[in-house]
There are 2 protein chains.
Amino acid sequence: MEVLNLNDKFSLFQEYWTPKIIGQLNGQDVKLAKLMGEFVWHNHKEEDELFFIVKGTLTIEFRDKKVKLKEGEMLIIPKGIDHKPVAINEVWVLLFEPSTIKHTGEVKDKLTKQRFDTI
Amino acid sequence: MEVLNLNDKFSLFQEYWTPKIIGQLNGQDVKLAKLMGEFVWHNHKEEDELFFIVKGTLTIEFRDKKVKLKEGEMLIIPKGIDHKPVAINEVWVLLFEPSTIKHTGEVKDKLTKQRFDTI
């Protein structure tokens with residue numbers, strides 16, 4: 001059992017849109033990511049996904065609306081829902097999602113990561 | 001999809017040792033709880049459990065050690081491991097755990113809650 005200090009873990013990487021696994025439980029991953037700029041439209045066919053904002057402000061675009069998330073706020077995106085995260089300034093997020101999840105769902109993009117490192 | 005603001009959600013209740021569900025995904029609950037004093041020794045036979053400290057300092061006692069968690073830190077307790085949370089001052093925690101979990105495992109105590117409200 002390791003005490004996971006979020007600030008310490010965030011200090012270990014700087015790449016954007018590259019989630020890092022910091023813990024696993026019950027078939028789920030706890031991941032951290034730094035975001036800046038626009039991501040790609042995608043959905044996760046079988047997985048609900050939780051975004052928790054640790055630092056900054058993140059907009060998540062949906063087909064019919066935009067949702068703005070501030071530090072200390074979270075949003076659960078149900079499976080199958082198209083979404084596109086947009087970070088005007090750097091944002092630090094914690095993700096909680098099944099270990100089976102693909103980074104950009106069925107979409108292939110230059111931003112797509114095939115695997116997630118553990119830090 | 002509701003934006004879940006942790007401070008707003010914590011302002012909705014004051015009872016200690018009474019986790020409230022704020023969201024569910026992939027068969028897991030996201031719960032908030034306020035803790036003060038000593039809880040009861042217990043374990044969860046089938047469920048790993050994540051504690052994330054939103055405010056304050058929590059000690060989690062294990063049979064062979066004590067772990068101190070500060071704001072911004074998390075700990076994943078694997079299933080089957082006896083543990084007892086102790087909060088000298090008020091602590092606010094976020095819990096990630098399967099929806100099947102029992103509050104105090106197989107232990108029955110005056111602190112045991114049979115069900116969890118959603119807020």
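Is D29(B) buried or exposed? With a relative accessible area of 2%, D29(B) is buried, since the cut-off for a buried residue is under 20%. This report describes a predicted model, beginning with the surroundings of that residue.

## D29 and K31

D29(B) takes part in a salt bridge with K31(B), in which the closest N and O atoms are 3.3 Å apart. K31(B) is buried as well, with a relative accessible area of 0%. D29(B) is also the bridge partner, in β3(B), of Q24(B).

In chain A, the side chains of D29(A) and K31(A) form a salt bridge, with an N to O distance of 3.3 Å. Both D29(A) and K31(A) are buried.

## The β2–β3 hairpin

Strand β2 of chain B covers residues 20–25, and 5 of its 6 residues are buried, so the strand is largely enclosed by the rest of the structure. Strand β3 of chain B covers residues 28–38 and runs antiparallel to β2(B), with 5 bridges joining the two. The hairpin they form has 2 residues between the strands.

N26(B) is found in the loop between β2 and β3 of chain B. Most residues other than glycine have a negative phi. N26(B) is not a glycine, yet it has a positive phi of about 50°. Its relative accessible area is 21%, so N26(B) counts as partly exposed.

In chain A, the loop between β2 (20–25) and β3 (28–38) holds N26(A). N26(A) also is not a glycine and has a positive phi of about 50°. At 21% relative accessibility, N26(A) is partly exposed.

## How the two chains are related

Two copies of a chain are related by a rotation about an axis and a shift along it. Here, chain A is superposed on chain B by a rotation of 180° with 0.0 Å of shift along the axis, and the RMSD is 0.0 Å. This is the relation of a two-fold axis.

Which surface does each copy use to meet the other? Of the interface residues of chain A, 100% are also interface residues in chain B, so the copies meet through the same surface.

## The interface

The contact involves 34 residues from chain A and 34 residues from chain B. The size of an interface is often given as the accessible area lost when the parts come together. Between chain A and chain B the buried area is about 2,700 Å², and carbon and sulfur atoms give 69% of it. M1(A), N26(A) and M74(A) supply 27% of the area that chain A buries against chain B, which is more than any other three residues. N26(A), the loop residue with the positive phi, is thus named among these three contributors.

What polar links cross the interface of chain A and chain B? There are 8 residue pairs in polar contact, both residues being at pLDDT 80 or more. The count of salt bridges between chain A and chain B is 0. On the side of chain A that touches chain B, the elements giving two or more residues are β1 (4–5), β2, β3, β4 (49–55), β6 (66–70), β7 (73–77) and β8 (84–98) of chain A. The most comes from β7(A), with 5 residues.

## Other salt bridges

How many salt bridges are there over all chains? The count comes to 24. One of them joins E61(A) to K66(A), whose closest N and O atoms are 4.0 Å apart. The two partners differ in accessibility: E61(A) is buried, with a relative accessible area of 16%, whereas K66(A) is exposed at 62%.

Returning to the pair in chain B, K31(B) forms its salt bridge with D29(B). Elsewhere, E15(A), K20(A), R115(A) and D117(A) are joined into one network by salt bridges that share partners.

## A residue in strand β8

N89(A) lies in strand β8 of chain A. At 56% relative accessibility, N89(A) is exposed. Leaving out residues up to four places away in sequence, N89(A) touches L35(A) and M36(A). N89(A) and L35(A) are 54 residues apart in sequence, and their C-alpha atoms are 8.2 Å apart in space.

Terms used: Residues numbered from 1 in each chain as written. Chains lettered and ligands numbered in written order. Predicted model: local features only at pLDDT ≥ 70, side-chain atom pairs only at ≥ 80, totals over all residues. Heavy atoms only, no water. Buried < 20%, exposed > 50% of the residue type's maximum accessible area, 1.4 Å probe, protein only. Helix = DSSP H or I, 4+ residues; strand = E, 2+ residues; numbered from the N terminus. Pairing = 2+ DSSP bridges. Least-squares fit on C-alpha atoms with pLDDT ≥ 70 in both. Contact = heavy atoms within 4.5 Å. Buried area = accessible area lost by both parts, 1.4 Å probe. Polar contact = N/O pair within 3.5 Å; in protein donor to acceptor, adjacent residues only side chain to side chain.
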